[in-house]
Amino acid sequence: MKLLLVKIYYSFPIQLLLLHFRKYQVLLIFWAILFGTINGGFAKVFGGDALFLAPEYLGQVNFYSTTILGLATGVFIMSWHITTFILHTGRFKFLATTSQPFFKYCLNNSIIPLAFIICLIFRGWEYQRYEQLSTLPEILLLAEGYICGVLFIIFFSFFYFFNADKNIGRRLEKKFGNPRNFLKLVLKPSQEPDENALPVHNYFNTPWKIRRARNVDHYNKHYLDSILKQHHFAAIITIGCALVFLVILAYLMDYNVFRIPAGASVLVFFAFLIGVAGAYAYVLQTWAIPTLLVMLFGLNWMVEHDWVDNRNKAYGLNYRDKKERPEYSADALQRFFTDEKYEADKQHTLKVLEKWRAKFPAGEKPYFVVMNFSGGGSRSATWSVNVLQRLNSMLKDTLMRQTVLMTGASGGMMGASYFRELYYEQLQGKAVQLTDSIYAERISRDLLNSVFSAMAVNDFITPFRSFHIGDNHYAKDRGYAFEMQLNNNTAFVLDKTLKDYKEPEETAAIPMLIWNATINADGRMLVMSPQPVSYLCSPQYQYPTRQGRDIDGVDFAQYFAAQGAMDLRITSAIRMCATFPYVLPNAFLPSNPIIDVMDAGIRDNFGQQTTLRFLYTFRDWINENTKGVLYLQVRDTRKNEMQPIKKTKNLSDLIFEPLFTMQQHWSAMQDFDQDGLVNYMEGHFPNKFHRVIFQYVPQQQDKAAALSWHLTSREKLDIANALNNPANQSAFNYILQLMKQK
């Protein structure tokens, strides 16, 4: 038994596995990320597992999409073999005495790759069965595609290296001439011991045959090195091919057929990175870290001095003229958003409200309907459209006619923007049925695939690429990919600008819709609307207790008027409102100094601050001209939900909980704070304020839809079924009864 254990320990596969953990551990990080992702331990909140377990190609998860993922997996595995072959074969000189040394190396280096393939197939089976609701034949077809893709790359690679072996033999024959000269060099007795060599007793010669490793002490060291270095050259060519492939994908990303599954893009990108990391470490040796530091300092200098500038911009804005940029400071904001501007904007909106009131009979006071939509990625967008469709159907297509204001954050605003545009198209006589389930299906389509694909092939490999809108040019990054995919998913109905909504909002043909974002520099709110709304940029104090107004927001359209704010793309407004950290890039605005914005949910995840300020500003008009306020909140989380409290805590809890407590309870803290504000607001509308909440509650608490830009088939069904939740049914019935009251 002891002898068997010794043989296993000194076998080539085990020695290689141990060597990976002893040397160049950075290369194992790639495997750790991949294993963590497919098992749900890494990037789960972003839907990272879906990139590999449900890869989409041309909008479908099918044989072709999993085949592409398999091809990419094969590329990554071969890059792993190639890189570690270059780094480690100097320790296993016996390989040089075998035929097809690279094949022997790969065969014995396959513990980790095989474990990954098996794990991915197993997790893919579970995911497709329980999340995508696929049938057994469908799952088997997907697995077949994946396996075929992996095997194709592996066989193709070995075919290349088998030819490399033949070429190496020819080169050696030309170099040494007759066999006698060859043997003199190979068996040269003055062989110094190799201190780097590791003991290996046996290895897999074929998948089914074990052979004893030959003793190579009598071989010339330089001869063995020359054979292995010939393979190193062939390996580096393969790494270069991966780079070329990524560049091609980046330049062709505008064409659907070249948008391969995001998981495949990530794997090819990792293949390139792992090859570069290996080559870097192999060439520079002990100079690797100092050289890396010099490169980082150099890159930092270029970014700092604008030599490298791939910052994301809001599409439609003019960034060219730097002299006309508005100053961004507390004093400048005070000077710009004056009391006179506040009053003028208020009077402008009062005219809009009068036109809205004119749509109803003079003797019949309507309810003043305002809507808030919470953030939450595709989950919130889909839930919002489902609620609006059901509510509009129950109210006989009168919902949008009675609605004055729609606002919120992130994914909820994506759904609200889409539904309002569909309503506007219906008003224009287009063939739109607002209750058609196709619209909820379209807004729920995948956005994550294009974002991660662009991140892998565009943001890192070709960050210098750009596109033009008029005379303005912008970086082609994951923000561009997000907007492009959103337009594709929604049949390009959102491919508009702010100014396209100015006239229909002014005439009250459609409700006012306000997109918000958070300014990173100071936490102020960026308010995006085609109407002048500076009255939302500061609280209005009932008594003159302060010398000036506290400007805590920026009216985007007015402040950046000289930069063409009204030409802002609607998809950019949605993206700026929904910029989840790292998933989407922060958008930089042309101010002096430059500021950047991100998700509205950082400041207000439910849009309530904007709505309450709007209601307070027009409280007198509302009380005089309407029956009261119907305040609808559409949220993708349960209100006042308490997560299970741990009875015992481990060491990691004690270390990390203080750091992430605010992040974990951010929405709850906003709820508690804003509930108090809502209660105060009710006092301005005595017995005329009706707050109704629609909340997505999963059928199983541990099976809630992910906060991601990707939804599974099961999650889409779960969101639709949440409409029938007793609490939501009660909310629907309450609104129906309220609207029937005379």
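This passage looks at the internal cavities of the structure, then at its cysteines.

The model is a predicted one, and there is some empty space inside: six cavities of 30 Å³ or more turn up. The largest cavity holds about 170 Å³ of space. Its lining is made up of 14 residues, with L120, I121, G124, L142 and A143 lying nearest the centre. As for where the lining comes from, four elements each give two or more residues to the largest cavity, namely α4 (48-53), α5 (63-88), α7 (111-130) and α8 (136-176). Helix α7 has the largest share, at five residues. In terms of chemistry, the lining of the largest cavity splits into 11 nonpolar and three polar residues, with no charged ones at all.

Next comes the second largest cavity, with about 90 Å³ of space. Around the second largest cavity sit L249, M253, F258, R259, I260, S265, S450, S453, A454, V457 and A481. The most generous contributor here is helix α19 (residues 448-459), which supplies four residues to the lining. Sorted by class, that lining has seven nonpolar, three polar and one charged residues.

On the cysteine side, the count of disulfides is zero. Two cysteines show how accessibility plays out. C106 comes in at 1% relative accessibility, so C106 counts as buried, since the cut-off for that label is under 20%. C148 has a relative accessibility of 37% and therefore counts as partly exposed, because that label covers values between the buried limit of 20% and the exposed limit of 50%.

Technical notes:
Residues numbered from 1 in each chain as written. Predicted model: local features only at pLDDT ≥ 70, side-chain atom pairs only at ≥ 80, totals over all residues. Heavy atoms only, no water. Disulfide = S-S within 2.5 Å. Buried < 20%, exposed > 50% of the residue type's maximum accessible area, 1.4 Å probe, protein only. 1 Å grid on protein atoms, 1.4 Å probe; cavity = no way out; pocket = protein on both sides within 12 Å on 5 of 7 lines; lining within 4 Å. Points joined across faces, edges and corners; volume = space filled by probe spheres on them. Nonpolar A, V, L, I, M, F, W, Y, C, P; charged D, E, K, R; others polar.
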